[in-house]
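Here is a set of short exercises to work through with the structure open beside you. Try each task before reading its solution.

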Amino acid sequence: MSSLALSWLLLAVTLPLLELESTFVPTAQSERKPSGGKPGQQLNQNSEGESVLVSSYVHLEFSNRTRPQKLLNNLTLPAAWASLSPRMLTGLSLTTECRVDHKETKFCSCQPGYQWNATLCSLYPSCRGHRSERDSCECRSFHGPVPGYCQLLPPVPAKLTLNSQLQRHGDTLNLTLLKKEEATNLRWFLKHSEKRQSVFLWPGTNVCQISSEDQVGLSITRMSRHWSGKYTSIFEAQGFRWKLQQVVTLPVEEREVAVLPDKLSVSCATSAGFQLSCCIPLTNLTYTATWSPGQGGQASLHNTSDSQCSVLAVQQCPAANTTYTCAIQSQDLAPLTASVYITIIQDRDTTCPEDFVVVAWNVTKAGFVAQAPCPVNKRGMIKRLCGPDGIWGPVQNSCTEAKILTLCLKAKLLLEGQGKPSKEVPRILSKLQGQVGVASTPSDLQEMLHTVTLLAKVVAETSTELTDSALKDLLTTTDRILDVNISSLWTLAQAQEPSMGSDFLKAVETLVSSLSPQRHPFSFSSSNVFLQSQLLTHTSPPGYQMSFSVGPLRQAQIPWHSLAPLVHNGTNISIASLVLQKLDGRLPSNSTQGLWNTPYTTPGLILVVSITADGQAFTQAEVIMDFEDMNGTLHCVFWDHSVFQGQGGWSDKGCQVHAANASTTRCICQHLTAFSILMSQHVPENPILDLLSQVGIGASILALLMCLAIYRLVWRVVVRNKVAFFRHTTLFNVVICLLIADTCFLGSPFLPGGHHSLLCLVDVFLCHFFYLATFFWMLAQALVLAHQLLFVFHQLSKHLVVSLMVILGYLCPLGLAGITLGLYLPQRKYLREGTCLLNGDGVMLHTFIEPVLAIVVVNGLVLVIAVLKLLRPSLSEGPPVEKRQALLGVLKALLILTPIFGLTWGLGVAFLFDQDSIVSHYIFTILNSLQGVFILVFGCLTDKKVLEALHRRFRGTQSSSSAISLATNETYTSEHCRERSEHASYEERMTD
């Protein structure tokens, strides 16, 4: 210290008293205090000849900056004491050294074997100017007279033991403090090898403290690398503060050794070398890494904030495929290995070229997944598949901001037991709000929400009270998370974790209700979050009422009879009203049984009302909420976190709807939680429409069954040529698909709605698939017609055409329905809420109506081509009469069915965008439900050959041996032969 003006020394004087008179008090000291720090202690001798060892202290002051250096080596007795009789002073020892700066501040440090007592240690700051419960009491600063001196330490009154210094992942660490004396104010700390500060340990989810009369135990369950380091037990005994330590190591496991990339293909023609990394987490053990083979490469060390890596730069491309192995070794531990296989790209191999999407991608062999590290300050990996055809696939980005990961890890360790919640929770919330703006991937959003959820659990577990600044940081973070700028991240993140919106809501509820009572009243307002809290006392106006400016919510109130018992008890009551906009759209699409059959939408907000009485949440109270009147049926609901295996769902239990007046709907609930209203979609509740739909679909099913019966009777007669065969094959499959789809649709109201019902999901998937298949088979029919007209002399084999029709008619709609299920089911957007119907909010439009209308347009173009061709056939291209009649049958069916189906689903689009139109509802219902009847009438009963076959069948004039023959060369007998013998039979041959 350059500003020291004086140096003081305090020395211990050792006096063995052989025959000490009761009147003796040492007087040769300029400042004297007996052992133990109590001034003026008088020795009381009750017997003569007793031998006692006592200590007195001498205060030496030096005016210059430096005391004599040889003082410690030549301590001699003062001359004034030499005449004392009997001679009792036998030695001097240095205990305390004090230095004084220009501000008269004294910095007093203890010599080895001495320490400030626990009382002075806790009252005065350390020489660094702060008070710390981890300080060892070896140096204290004083602004006035020095109140004492460093005292001689007695033997250590305890021993710290542990079950094993070398722990394994998942083990339980047991530390035991064996006490020889009474110990008080016991605390535990952990210092990580890569950290400068120790962290306080509290009984979290991984920490357990056990105490008995003679020992204290600390147990750490589920050991991980985050729990390795130096454990310190600090306690007070015999008037001193003691610190005992044990070091715990956790070796790296083989699964933690990461070789990046884990698989690599290299083109020696475009790249002379490559780079491999072998990384392990940071640990307090020393590890060395070696590469094999190491020739042609140079290894170097590279450390990050949480890992240490050995990087091998291979400068010469291997001549053949090579396996590189990284061996990690630590003393007295088994080596750990990890390998990466390097594939050398040959000239004949299919490859993906260099690309620069997101990052730089080198030439990669087909079938390999290229890997690239995340940008600076991010953790994770960027991957991209090189397809078998040498085309790059989409980039898969799993990068997460390193700072967000650090905050989430701190919150996780805080919940487990590391850190003081009262300090760490506000600190993490303050840092988290600044990270929302940099979130760019779904994993960023997930980690942020997870951090808030973990902090809420810590607050609930420890009853931590938040300051107003910490709550403001939370609400600012919530507002930014709900902002539209990151709304696209919600969809992708919820596909991986559907319950994260519900967990986030619960966390915000918990944290808001944890505001310290001294901080009320408190208010906060932003674009997505509004909070108003107040403190109620016995002098407050009766009841609670809060008005809101965010529609459709108008006001919320709690009657006085719900609050009176709490107020009369004299408790401190705080009431908080929180409005969260847009969060209702982020919650899982779940509703309890009473709401299953209710398709609904939410108004875009959630109201959270909480009451805290003396630090305890109070949930039983009547709350009245007024909402603007809206079209449709309203349901007063709350978000129940306990249903659907913890995912949560809307429930109307304990809530009722009342009409306050013509323009206001009132909800009354008998409990406090997160409230909202469910508005039924604008589907006119008209029993006539329901009856028309059921009767129409029933008629369609009967008509389709009649089609199948007709085909059973006349099939062998009507498929006389290839065109007729193709036409009736497509029509038969249309009938089958529509029959199954209508049957599933008719049974859907009898199934429990919602994503939780497997039967409902199967029913909707089958409806979607078979309705799509119906139109794809109509497309196949139109394409066959177009081919027969445009490519008269290019005939395809029957087997090939049927195979192509099956692929188009079944595999294409199956793929589209499967993609829809896989894409929207994880987001819980596959079903319309509360029903067994495909969700009309974009899902039906994009995955059903748009493909159907596209098919209708294609069929319309085919019809135009067909009409032009058949009306003006050229001499060389005109089809034979039989074939022409078959083509006319196909044309006639398409000419009628295509406009009907096109009009039906054109109205379907209008129905989605204008749900209030009654006329469109009736037309759509009639046309959609009677599709089977249209197919029977225009597909079967208007076909002349079908009618003739039925007529002959029922008249019994058809010979049992008669058949229709097709020529083996895929041509047909001339029209003249058919006219000479109309009833002549042809031998049926379907060979190609």
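**Exercise 1. A leucine and its contacts**

Which residues does Leu449 touch, not counting residues up to four places away in sequence?

Solution. Bear in mind from the start that this is a predicted model. Begin by placing the residue: Leu449 belongs to helix H5, which covers residues 442-462. Next, list its contacts beyond four places in sequence: Leu449 touches Ile481, Trp490, Met500 and Phe504. Then turn to accessibility. The cut-off for buried is under 20% relative accessible area. Leu449 has a relative accessibility of 3%, so it counts as buried. Finally, consider Leu505: its C-alpha atom is separated by 9.7 Å from that of Leu449, and the two residues are 56 residues apart along the chain.

**Exercise 2. The sheet with E16 at its edge**

Work out the strand order of the sheet that contains E16, and explain what sets its edge strands apart.

Solution. Step one is the order: the 4 strands run E16-E18-E21-E20 in an open sheet, with antiparallel pairing. Step two concerns the edges. Strand E16 (258-260) and strand E20 (297-303) each have a single partner strand, so one side of each is left without a neighbour in the sheet. Step three is the twist: on average, neighbouring strands of this sheet are turned by 20 degrees against each other, direction ignored.

Step four looks at one pairing in detail. Strand E18 (residues 274-281) and strand E21 (residues 307-314) are antiparallel and joined by 8 bridges. As one point of reference, Ile280 stands opposite Gln308 in E21. As background, strands of a sheet pair through backbone hydrogen bonds, in either a parallel or an antiparallel manner.

**Exercise 3. Following strand E13**

With which strands does E13 pair in the antiparallel sense, and over how many bridges?

Solution. Start with the whole sheet: 4 strands, in the order E8-E9-E13-E12, make up an open sheet with antiparallel pairing. Its edge strands are E8 (158-162) and E12 (207-211), each of which pairs on one side only. The average turn between neighbouring strands here is 15 degrees, direction ignored.

Now take the two partners in turn. E12 pairs with strand E13 (residues 215-220) over 5 bridges, in the antiparallel sense. A hairpin of 3 residues joins E12 to E13. Across this pairing, Ile210 stands opposite Gly217, and Gln209 has Leu218 as its bridge partner. The other partner is strand E9 (residues 173-179), which is joined to E13 by 6 bridges and runs antiparallel to it. There, Asn174 stands opposite Ser219 in E13.

To finish, check the cover: 5 of the 6 residues of E13 are buried, which leaves the strand mostly covered.

**Exercise 4. Three salt bridges**

How many salt bridges does the structure hold? Once you have the count, examine three of them for distance and accessibility.

Solution. The count is 11 salt bridges.

- Glu97 and Arg99 form one of them, their closest N and O atoms being 3.1 Å apart. Glu97 is buried, with a relative accessible area of 10%, while Arg99 is partly exposed at 34%.
- Lys378 and Glu401 meet at 2.8 Å, N to O. Lys378 lies in strand E27 (residues 378-379) and Glu401 in strand E30 (residues 400-401), so this pair ties together parts that are 23 residues apart in sequence. Both Lys378 and Glu401 are buried.
- Arg666 and Asp626 have their closest N and O atoms 2.7 Å apart. Arg666 sits in strand E43 (residues 664-669) and Asp626 in strand E39 (residues 623-628), so the pair connects parts that are 40 residues apart in sequence. Arg666 is partly exposed, with a relative accessible area of 25%, whereas Asp626 is buried at 5%.

**Exercise 5. A nonpolar patch**

Which residues form a nonpolar patch on the surface, and what is their accessible area together?

Solution. First, the members: Leu800, Leu804, Ile807, Leu811 and Leu814 form the patch, with about 430 Å² of accessible area together. Second, pick out Leu804 and place it: it is found in helix H13 (residues 798-824). Third, classify Leu804: its relative accessibility is 46%, and it therefore counts as partly exposed.

Technical notes:
Residues numbered from 1 in each chain as written. Predicted model: local features only at pLDDT ≥ 70, side-chain atom pairs only at ≥ 80, totals over all residues. Heavy atoms only, no water. Pairing = 2+ DSSP bridges. Helix = DSSP H or I, 4+ residues; strand = E, 2+ residues; numbered from the N terminus. Axes fitted to C-alpha atoms, helices over the stretch in contact; angles between N-to-C directions. Patch = residues over 30% accessible without salt bridge, like charges linked within 9 Å, V, L, I, M, F, W, Y side chains within 5 Å. Areas by Shrake-Rupley, 256 points an atom, 1.4 Å probe, with all protein chains shown as cover. Salt bridge = Lys/Arg side-chain N within 4 Å of Asp/Glu carboxyl O. Buried < 20%, exposed > 50% of the residue type's maximum accessible area, 1.4 Å probe, protein only. Contact = heavy atoms within 4.5 Å.
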